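Q: Could you walk me through reading this structure? I would like to start with one helix.

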Amino acid sequence: LLPLVVALAYMIGVLAAVISRLLVDPLSAIVLRPWLINLADGQNDRSWITAIEEYRKAIAKALTTAPSPVVDEVLKRRERGRLLRAALIPLLLTARIVTADGGLGSRLAAVYVSYLIILILYAYTEVTVYREARLAFDA
């Protein structure tokens, strides 16, 4: 019985991670990350596509050519983003449970606000990864 419970818990965790990735990554990558990168770099005239490409290039360059401490820091910050993204499903379930006595509107609002919080924090962690990756080459 214990192996079945462990296997079921593992499958639920994998499913939650996949759902979180599907709900967070596309919106962050297409909307929030480029906007925050442009804001952080002070370049309001740069296109979002250019910001997305620069993000990918900076991460790839840092992971392949930067000194080991920079690579470690970039990897550590990327892992923080993954952990934050993985918190989405538990946070949504908690918001749903906490507002169980409320009406449908309050439950949906709590879930929506929870989703937005995770989305914004995740995009912010991506920008910190980008800035850390660029520090190795801008100095």
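Q: Which residues are exposed on the other side of H3, away from the buried ones?
A: Exposed means over 50% relative accessible area, buried under 20%, and partly exposed in between (1.4 Å probe, protein chains only). Pro69 and Leu83 are exposed on that side of H3. This is a predicted model: local features need pLDDT of at least 70, side-chain atom pairs count only at pLDDT 80 or more, and totals for chains, interfaces and linings use all residues. Residues are numbered from 1 along each chain as its sequence is written, and side-chain values use heavy atoms, without hydrogens and water.

Q: Which residues of H3 are buried?
A: Helices are DSSP runs (H or I, at least four residues), numbered from the N terminus. In H3, the buried residues are Val70, Val71, Glu73, Val74, Gly81, Leu84 and Arg85.

Q: Why are they on the same side of H3?
A: An α-helix has 3.6 residues a turn, so residues three or four places apart point the same way. Here the buried residues cover an arc of only 165 degrees around the axis, so they sit on the same side of H3. The arc is that of the directions from the helix axis to the C-beta atoms.

Q: What covers the buried residues of H3?
A: Contact means heavy atoms within 4.5 Å. The cover includes H1, H2, H4 and H5.

Q: With which residues is leucine 88 in contact, leaving aside its neighbours within four places in sequence?
A: Ser20, Leu23, Val24, Tyr115 and Ile118.

Q: Where does arginine 33 lie?
A: A charge sits over a ring if NZ of Lys or CZ of Arg is within 6 Å of the ring centre and within 35 degrees of the ring normal. Arginine 33 lies over the face of tyrosine 55, at 3.9 Å from the ring centre.

Notes:
Helices (H or I, at least four residues) and strands (E, at least two) are DSSP runs, numbered from the N terminus.
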